[in-house]
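Trainee: I am new to this structure and would like a close look at a single part of it, with enough of the whole to place that part. Could you take me through one pair of packed helices?

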Amino acid sequence: MYMQQFYNQSYFDRYGTYMDNSFQTVLWSLTVSMYPLGGLFGSLMVAPLVNKLGRKGTLLFNNIFSIVPAILMGTSKATKSFEIIIFARIIIGICAGLSSNVVPMYLGELSPKNLRGAIGVMPQLFITIGILIAQIFGIRNILANEKGWPLLLGLTGIPAIVELILLPFSPESPRFTLIQKGNVTGATAALRRIRGWDDVDDEIEEMRLEDQSEKAEGHMSVLHLFSFRSLRWQLVSIIVLNMGQQLSGVNAIYYYADSIYRSAGVKENDIQYVTVGTGAVNVFMTIAAISIVEALGRKMLLLVGFAICCISCALLTMSLNLQDNVDGMPYLSIACIIIYVIGHAIGPSPIPYVITTEMFRQSSRPAAFMVAGSVHWLSNFTVGLVFPFLEKGLGEYSFIIFGGICLATFVFIFIIVPETKNKTFLEISQMFAKRNKTEIKLESEHLELHKRNTGECKVVKSTRL
C-alpha cells in the first residue's frame, strides 16, 4: 500500500497529476512480475557460470545481484524514482534464480550420500526462515509503514554481505575440483576438510568412477541434454516436479489467504499476525522434513505432500462455496490453508531441488539445474500472470484446477520417480537405465554402457564401485 502511494506521489511530483488506476495497476503488476522474470534469467546463467567459476565462485559472484538492488531499492524513496524499484526487482530476481539452483547443487556435491537429502532441504529451510523474518519486519508497527518500507527493501542485502564474509572460508565442491578440473590433490584436501577425517579414499574412488563413466559426455549443453537418451526420464521428472511445485497453487493460496481470514472474522489489523503464524508453520514443517527425509525417503515425502495439497484444494473449494450458508465453514477454510502449507512444506517445496541434484551426474548437472530453474520460474511467472484472471472468472473453483495438477503430479511420481535416498549418483543413473532403454552395468573391473538401439558399447577400466 505504501509503495503504491509512493508510485503515485512520485508521478505527481513529476507531472502534476496522479496516475489513473489502470496505469497504476500495470506498474504494480510489472513490479511484481519482474522478480520471477529475473529468476528465469538467473536460471539461464547457471550452467555457464558454475562450469567457469565453480559452485563456490558462482555464489560469491551472485552477491552482486543482491547488494546492488538492495542499495537501489533502499534509496528509491530518496531519489523519488519508482523505476529504480522495478529495475532492482529484476536484478534481485537474477540473484534468486542463481542461488535457488547453485546452492542445492553445491550442498548436494558436498554431502555424503546418507545425509544428502537432509542437507539438500536446508536451503528451503533458510528460505522459509527468510520469509518469516520478512513477514515479521513487514508488520505495520515495525517496518511496513510510511518511513520504514525503504529500509525493509534495503535489508535484502544483509545476507549477501554475510555470505561474502563467510563463504570464502568454505572449500570448493570436491566433485567439481576432481571431475571438472582434474585436481585430485585439491579434491582430496577439500573432502578431508569437509568430512573431518583423512580416510576419504572410497569417496574419491567413487568420484573417479563417475568421471570415467561420463568422459564421453563432456560438459553437456541444454540442447545435448534434451537429446541424450540415457537422461530422458530424469529430465522429464525434474520438469514435471518443478511445474507441479509451482502450479500446485501455493502462490494462489497465499493470495487468497487474507480474504479467507477476513471472512472468518479476523480483524483487519490482526491478519498480519495470522500471516506470521502461517510462516512459522512453514518453518516448523520444513524442519520436520529435514528430520524425516532420510528415514522416509524423497518419494514418500513428495507423494504425501502432493496428496495433502490435492485434498486441501478440494476441501477449500467446498468450504469457500458453503461459507455464506453453513456455520463454521470460514474456519474450515483457514484449516485448509494451514494444512496445505504443511503438505507443501514437507514435500513439494524442498524435495525437487534434492531430486535434481541426485538424478544427474557431474557433466549433466549444471544443464539440468538450468532447465529445472527455468521451468520453476516460468511456472511461477505464469501463475502470477494467470491466477488473477482465473480468480475473476472461476472464483473459488480455480482451486479445483490446482488440485487436479497436484493429483497429476502425484500419479507421475508414483509411477515414474524412483527412491534415491542413500544411493550414489551412479546407482541412481542405473535405476533409470531400463526406463531410458539403456543399460549400465557396474562391476568390480569394468563399467559398461550398452545402448540397445544404437548398438554402442563403451568399456572403461575401473577398480571398484
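Mentor: What follows looks at one helix pair and then at the whole protein. The model is a predicted one, in which local features need pLDDT of at least 70, side-chain atom pairs count only at pLDDT 80 or more, and totals for chains, interfaces and linings use all residues. Residues are numbered from 1 along each chain as its sequence is written, and side-chain values use heavy atoms, with hydrogens and water left out.

Two packed helices are described by the angle between their axes and the distance between the axes. For helix 7 (residues 116–137) and helix 16 (residues 271–296), the axes come within 9 Å and cross at roughly 170°, the axes being lines fitted to C-alpha atoms over the stretch in contact, with angles running from 0 to 180 degrees between N-to-C directions. Helix 7 and helix 16 are therefore roughly antiparallel to each other, a term for angles over 145 degrees. Where they meet, helix 7 brings residues including Val121, Leu125, Ile129 and Leu132, while helix 16 brings, among them, Val276, Ala280, Val283 and Ile287. By class, this contact of helix 7 with helix 16 has 14 nonpolar, 8 polar and 2 charged residues.

Around this pair, the secondary structure of the protein comes to 22 helices and 3 strands, where helices are DSSP runs of H or I with at least four residues and strands are runs of E with at least two. The C-alpha atoms fill a box of roughly 75 × 50 × 40 Å, taken along the principal axes. Of the 465 residues, 51% are buried, that is, under 20% relative accessible area with a 1.4 Å probe, protein chains only.

Key: Angles under 35 degrees count as roughly parallel, over 145 as roughly antiparallel, 65 to 115 as roughly perpendicular and the rest as oblique. Contact means heavy atoms within 4.5 Å. Ala, Val, Leu, Ile, Met, Phe, Trp, Tyr, Cys and Pro count as nonpolar, Asp, Glu, Lys and Arg as charged, and the others, Gly among them, as polar. Buried means under 20% relative accessible area, exposed over 50%, partly exposed in between (1.4 Å probe, protein chains only).
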